[in-house]
Amino acid sequence: MEHVEIPRAGLAVRDAVVRYGASRRRQGAVAVDRVSLDVTAGEIVALLGPSGCGKSSLLRAVAGLEPLAGGSVAFDGEDLAGVPVHRRGFGLLFQDGQLFPHRDVGRNVAYGLEAQGVPRAERAERVAELLDAVGLAGYAQRSVATLSGGQKQRVALARSLAPRPRLLLLDEPLSALDRRLRERLAVDVRETLRATGTTAVFVTHDHDEAFTVADRVAVMDAGRLLQVDAPDVLLRSPASERVAEFLGLAPRPGEGDGEGAGDARKPAVTTSTGYDGT
Amino acid sequence: MSARVAGARLDLWRGRLGWGVAVAVPLAFLGIFFAWPVVALVVQGFFADDGAGGRVLDLSGFAEVLSRPRTWRLVGQTLAQATVGTALSVLLGLPGAYVLYRCRFPGRTLVRGLVTVPFVLPTVVVGVAFRALFAPGGLLGWMGLEESFAAIVVALVFFNYAVVVRTVGGLWERLDPRAEQAARALGATPWRAFRTVTLPALGPAIASSAAVVFLFCATAFGVVLVLGGVGYGTIETEIWVRTTQFLDLRSAAVLSVLQLVVVGAALAVGARARTRRERALHLTSDRTASHPLRLRAAADLLPAAATAVVVLGLLVLPMAGLVARSFRGPDGAWGLDNYVALGTTGGRNTLSVTVWEALGNSLRTAALAATVAVVVGGLVALVVSRRPRSPGARRAVGVLDAAFMLPLGVSAVTVGFGFLITLDRPLGFDVDLRTSGLLVPIAQAVVAIPLVVRTLLPVLRAIDPRLREAAAVLGAAPGRVLRDVDGSMATRSLGLAIGFAFAVSLGEFGATSFLARPDAATLPVVIYRLIGRPGAENYGMALAASVVLAVLTATVMMLAERLRGDAAGGEI
């Protein structure tokens, strides 16, 4: 499996391998197993899979937070090996936001701009613009402790968009929220990403969310990519039974996955509209 | 090679250099001013001059010292004092931790502050306070406890109560109450739920605080010296007596080795307890775990009553007694005579400096010591708080963590004594540090560093690593991440760390008593000299000086606690 042609624009992951707990003596567990994925400029791709399937590890490897044990990550044709996190020009949105507790909303959003050395006036303008874009205009002076979960995630989204990242990585950004909020925010996130023309990789374990947000969906299981296609193609012709199972298309043999994702309400039979923890 | 990759290389080297310095500075400091003196001391015990300028291995010093019945009596007294002191501190500290960290009532902040004060009070002051309490004519003179084992143990509990309350309380406060509620729902009585669910969860914190208290009790110096009187002693005081009175350095060295064994064992137990504790328990991050104090329920009333008795009887009474006595002049009349006398050098010129001059010396040395301790301790906390990716580096960090805690256990007297025998020609340089006046602040810094580390470390460790990742992804270089995340979060507890370092240095007695020249004596040294000399006038001055020192340290601590505000973290 030698080099397929690397596209010039956008993200190109080739045969990426991520291992955990590896040392000189031990190989460690494989979290991501020779995954290749392309995301073209302006495209939103969702990484869909059960928790523990390696989708977050892949995302962290792309961000530069996890070292690659094999393969490569390139952006716009440039290999990113050895480029540290803060020089990649990517954005990352965590599941629980990770807002800086000692900064107010505005200064959280401004953080990336400060690191870039953007002048104060321009910074203030951009912060206002982004808070407006996420529906939190006028919140700049608020302490982050006073925000609700949904508001926190909106601020975190504004913060990661402020420095105009070349690529935005979203690591289950909505899964800590309740269902109705999640459904609404998924639409908002897609609109915001579209409006800002941001290239993005969106990790989720919820297929409805993936279909709402993404142009293409990559289904992942046990460290490998099973299928990458547009939502309608996936639904029409899943490549395997396992894929169909994730998408809630086939009845499952049992509930033996032991996968809860923190949600106690596990439907006995999943439908395409119901939230599916697995 | 692209510009991004070239920049990355530069970053990498800059990072390595930065961390190299952060590791090297504390290692060098503690190497020269802690490890070397202590090792030299141990060597002194194992080797003897062969008469030709060389040294030979000679264990006769051990044989000689260990065959003395006096040595075993001292070892027995040390262990007994430490064991009883620790047991009482834990027994009394548990209800205190519950009431002060799990219940809400008006004035809780004040009581928490009050409980912490004794820990930072200079040992000599505490010795003087309890002596005044138990002396004939004192408030508790009728108990006949003057110069007794009981008096020393009570004084040790006075000191270490705060260690247990704060360490255990800090964990208890954040313990998820739902586990206990689940046990109650399953039919357990409150007592049974406490015993089977809460107590095991608190176990590591209790063990960790007990190990620290055991250390402090086993190496207590000032209190024992002041309260013990003739015939009573511990390994620690014996080292001091052997060195300063009999000039018997060999016996002192052997005793120091013995001391190290006791300390090492206690530290090992404490370290094990700490690692167990860091395996995360069910902690709640919000502060909803406390409830209003309900005096009608026995589960609240008993601990509340116990805590009230301890705080009033054990903590407030001795301090109030000390203050009251300090206002009674040599002739027994009430007045400011003792305070007026602080401008003199004492009856029959006991001192070389006036007490006020000694106070000036204390403030100067403590400021210097606190600066050094905060710089070195801050670097240690920063390095030790990292969790590197490679297992080798993680192990190295673990070793550093343990190494930097050693000064906490190794007695101040050992440090002071070690300085005496090594720093006449440090590293072969021909500068006698012993006369430079720098030695006292350095020794005080060595004693204060572990406290600085233990104040800052929990805060740095509690920072979610993803917060640093979030900053890095937003384009912050490693140095900037350090400043914006670690720096901002640690700033408030830095105030507490500075306060701790300053207060501890102000009251430091063990090492200082070895090293301070008479004309540069600090306040604790002066107080000890004053009570050691006969004369009601000197005793009165000692009481007044103790009050001054106590007020000063308490003020420093209160200010520091204020700076800290509500930020979490902070055990002793």
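The paragraphs below go through a predicted model, beginning with the conventions, then chain B and its contact with chain A, and ending with a sheet in chain A.

Because this is a predicted model, local features need pLDDT of at least 70 and side-chain atom pairs count only at pLDDT 80 or more, whereas totals for chains, interfaces and linings use all residues. Residues are numbered from 1 along each chain as its sequence is written, and chains are lettered from A and ligands numbered from 1 in the order in which they are written.

Chain B has 22 helices and 4 strands, where helices (H or I, at least four residues) and strands (E, at least two) are DSSP runs numbered from the N terminus. Of the 572 residues in chain B, 47% are buried; a residue is called buried if 20 or more other C-beta atoms lie within 10 Å of its own, exposed if 12 or fewer, and partly exposed in between, with C-beta atoms placed from the backbone. Among the contacts in chain B with a separation of 6 or more, 80% come from residues 24 or more positions apart, a contact being a pair of residues whose C-beta atoms, placed from the backbone, lie within 7 Å.

The contact between the chains takes 22 residues from chain B and 22 residues from chain A. On the side of chain B that touches chain A, the elements giving two or more residues are α1 (3-46), α18 (465-473) and α19 (478-507) of chain B, and α18(B) gives the most, with 7 residues. By class, this side of chain B has 12 nonpolar, 4 polar and 6 charged residues, with Ala, Val, Leu, Ile, Met, Phe, Trp, Tyr, Cys and Pro counted as nonpolar, Asp, Glu, Lys and Arg as charged, and the others, Gly among them, as polar.

In chain A, an open sheet of 6 strands follows the order β6-β7-β8-β3-β9-β10, with mixed pairing; two strands pair if DSSP finds at least two bridges between them. At the edges stand β6 (90-93) and β10 (224-229) of chain A, each with a single partner strand, so one side of each is left without a neighbour in the sheet. Neighbouring strands of this sheet are turned by 15° against each other on average, direction ignored, as judged from axes that are lines fitted to C-alpha atoms, for helices over the stretch in contact, with angles running from 0 to 180 degrees between N-to-C directions.

At one edge, β6(A) is joined by 4 bridges to β7 (residues 167-171) of chain A, and the two run parallel, with F90(A) opposite L167(A) in β7(A). In the loop between α4 (149-161) and β7 of chain A lies R164(A), a residue other than glycine whose phi is positive, near 50°. R164(A) counts as partly exposed, because it has 15 C-beta neighbours inside 10 Å.

Strand β9 (residues 216-221) of chain A has 5 of its 6 residues buried, so it is largely enclosed by the rest of the structure. With β3 (residues 44-48) of chain A, β9(A) pairs in the parallel sense over 4 bridges, and L48(A) stands opposite V219(A) in β9(A). With β10(A), by contrast, β9(A) runs antiparallel and is joined by 5 bridges, M220(A) standing opposite L225(A) in β10(A). The hairpin of β9(A) and β10(A) has 2 residues between the strands, and A222(A) takes a positive phi near 50° there.

Key. Two residues are in contact if their C-beta atoms, placed from the backbone, lie within 7 Å.
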